[in-house]
Amino acid sequence: MIEARDISVAVGGKRIVSHVDFAARPGEVSAIVGPNGSGKTTLLKALTGELAYTGTVRLNGRDLVSMKPVEVATLRAVLPQSTALSFPFTVREIVRLGLIGGRSGVLPGEDARLPERALARVDLDGFAGRFYQELSGGEQQRVQLARVLCQVWAPVLEGRPRYLFLDEPVSSLDVKHQLIIMNIARDFARRGGGVVAILHDLNLTAMYADRIFVLHRGELAAAGAPMDVLKDELIERVFDCRLKVGALPEGSVPFVLPQSAA
Amino acid sequence: MAEQSIARGASRVMAADGDRSNRARFVILLLCLALALSVFLSLTAGASDASAVRVIRNWFTGTVPADAALAARDQLIVYDIRMPRVLLGVLIGVALAVCGAVMQGLFRNPLADPGLIGVSAGSSLGAVAIIVLGTTWLAPVTLAFGVLALPLAAFFGGLAVTLLLYAIATRQGRTSVATMLLAGIAISALAMALTGILIFMADDRQLRDLTFWQLGSLAGATWQKVGTVGPVIVLALTAMPFLSRGLNALALGEATAGHLGIPVQRLKYTAIVGVSAAVGASVAVSGGIGFIGIVVPHVLRLAIGPDNRYLLPASALLGASLLLIADSVARTIVAPAELPIGIVTAVAGAPFFLWILLRKRGIVDL
């Protein structure tokens, strides 16, 4: 379980996140939503130890501050919003980097084949020999996800749950791949791991998240199950936009929801 | 050059599964052969017709040669002049190429080289100070250390500048690589200005010494110099193989490397101290030898990819080979006089580098 109490983060003297309580349980997908600039990524960076924060973050009961980088790396993997590379790596070489510090959790001999398996999971079969820099943005994002999956391939290792932190994992993906990626996240949780994801699409969030944390101006505006959180009043207040939950468009305007996926 | 065709041949066969480790091992094997050949060539070639083969054969078989005087002369040339020079060339070639590769990994930029973090400028300042002030203000230093005064001053000059930069760029236990780069430019400029003042004060003989030192040369290699800088370079470089995995992770950015379990701050510190020690020692005995640190890792990245587990050893081998070949050219092309090796590496390295860039335009993402 990831438990964060009273998290505040200031960057350059400006407070970005104030007094946020957060908890992500193994077996669940926890989504962080909120408008641009509400502090979602900053909160995620505090939870992963990338930014200095006040308050406490516990990872499976241990204080994050007291853990070594390599210990943390065996318990959780982090997918950043985007990754620019400085050297011409092949896709396979990038995915293999996921095996550097963490422990995949597969049998020792299977590590060598893990990059191919991870690439197949993110629908990039046959991409191993391509150069990362030659791929499209959406493909690059999926390569990075494959790398992250290699790091914590088994959702539970030696009886302890492990976690995926995903910062906008589907932001540059087409709808088919949005569903593929979200299914990977849900599957990871179903098998005992925990997932923390920043999402923008409220429909996808409602469909996949077990628990939603809504950030507004650096503070926690609401937290709970999608049913309890996604209400007209909250959406208007947080997103500054008058929307009706569950309202169908008038007349013959077509609309396509991820929930309709067969 | 043999290395060119290796690079070209290897980049043509792009493994379909994206795994270049077998190719990397093959290239490293070829580079071992290339280094052995270069060592043999350097021991044999020179202004004198002394035959290394003859000397070594005599030594192995225990033959007493017919012309004892000639044999003694050959032995002197091979043992006391060429051998230390070859060893020094290997040490410096390895240091320059490996440090170039490590700096490029650390700064995540294929154009980075040890000169960027001020090592070269600091070393120059130290060396020039000894050349110009060695008989006046710094006379006690030259008296105390003799011929070692110049390499020592260069070494500590480089180390001092690097540590100063490191202190400037480190806040709350985190070193900002970008700050270090920018501060490096400022401090290098300052060191060069101080060097300029010293050059302004220098007399004609000192100016000639200075110019030659700055152009770089392996001339004057002795067993004593090998014994002085060898341990420093070897010690500094033994840390480097342990950095290769961390440097690979660093290609994804500092934050991601940390998420992968790499102790990033310790990695940066080890790399910077190791590089400044190895490069400081190299510059101290050989002056400014350019291009090895940029061209060698770059060519190898095209051939075997950027994986530092293979890139670092391959750079060491190719750097040593190229420096020995360049030194052989420098020694023989205007024999019995000698060209400064820095001129050879620049004349050969610069056009070659441009040609590589033009051929590979698009893949190199600067």
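This passage describes how chains A and B meet in a predicted model, and how several helices of chain B are built and packed.

The interface between the two chains is a good place to start. Here, 27 residues of chain A are in contact with 30 residues of chain B. On the side of chain A that touches chain B, at least two residues each come from helix H2 (69-75), strand S6 (76-79) and helix H3 (91-96). H2(A) provides the largest share, with four residues. In terms of residue class, this side of chain A consists of 15 nonpolar, nine polar and three charged residues.

Within chain B, helix H4 covers residues 68-107. Its 40 residues, at 1.5 Å a residue, should span 58 Å, and the end C-alpha atoms lie 56 Å apart, so the expected and modelled spans agree. Readers tracing H4(B) will come upon a kink of about 35 degrees at B:Arg82, shortly before the proline B:Pro84. Just after H4(B), the backbone at B:Arg108 adopts a positive phi of about 55 degrees.

H4(B) also packs against helix H14 (residues 292-304) of chain B, at an angle of about 70 degrees and with the axes 8 Å apart. The two helices, H4(B) and H14(B), are therefore roughly perpendicular. Their crossing is right-handed. From H4(B), the contact draws on B:Gly93, B:Leu96, B:Ala97, B:Cys99, B:Gly100, B:Ala101 and B:Gln104, while H14(B) contributes B:Ile292, B:Gly293, B:Ile294, B:Val296 and B:Pro297. Eight of the residues in this contact of H4(B) with H14(B) are nonpolar and four are polar, with no charged residue.

A second helix pair in chain B joins helix H10 (residues 223-238) and helix H13 (residues 264-286), whose axes come within 8 Å and cross at roughly 160 degrees. H10(B) therefore runs roughly antiparallel to H13(B). The crossing of H10(B) with H13(B) is left-handed. On the H10(B) side, the contact is formed by B:Lys225, B:Val229, B:Val232, B:Ile233, B:Ala236 and B:Leu237; on the H13(B) side, by B:Gly274, B:Ala277, B:Ala278, B:Ala281, B:Ser282, B:Ala284 and B:Val285. Sorted by class, the contact of H10(B) with H13(B) comprises 10 nonpolar, two polar and one charged residues. The spacing of residues along a helix helps in reading such lists: an α-helix has 3.6 residues a turn, so residues three or four places apart point the same way.

The remaining pair described here is helix H5 (residues 119-133) and helix H9 (residues 204-215) of chain B, with axes that come within 10 Å and cross at roughly 155 degrees. H5(B) is thus roughly antiparallel to H9(B). H5(B) passes H9(B) in a right-handed crossing. In H5(B), the residues B:Ser124, B:Ala127, B:Val128, B:Ile131 and B:Val132 meet B:Gln206, B:Asp209, B:Leu210, B:Trp213 and B:Gln214 of H9(B). The contact of H5(B) with H9(B) has six nonpolar, three polar and one charged residues.

Notes:
Residues are numbered from 1 along each chain as its sequence is written. Chains are lettered from A and ligands numbered from 1 in the order in which they are written. This is a predicted model: local features need pLDDT of at least 70, side-chain atom pairs count only at pLDDT 80 or more; totals for chains, interfaces and linings use all residues. Two residues are in contact if their C-beta atoms, placed from the backbone, lie within 7 Å. Ala, Val, Leu, Ile, Met, Phe, Trp, Tyr, Cys and Pro count as nonpolar, Asp, Glu, Lys and Arg as charged, and the others, Gly among them, as polar. The expected span of a helix is 1.5 Å times one less than its number of residues. The bend at a residue is the angle between axes fitted to the seven residues ending there and the seven starting there. Axes are lines fitted to C-alpha atoms, for helices over the stretch in contact, and angles run from 0 to 180 degrees between N-to-C directions. Angles under 35 degrees count as roughly parallel, over 145 as roughly antiparallel, 65 to 115 as roughly perpendicular and the rest as oblique. A crossing is left-handed if the near helix is turned anticlockwise from the far one by less than a right angle, and right-handed if clockwise.
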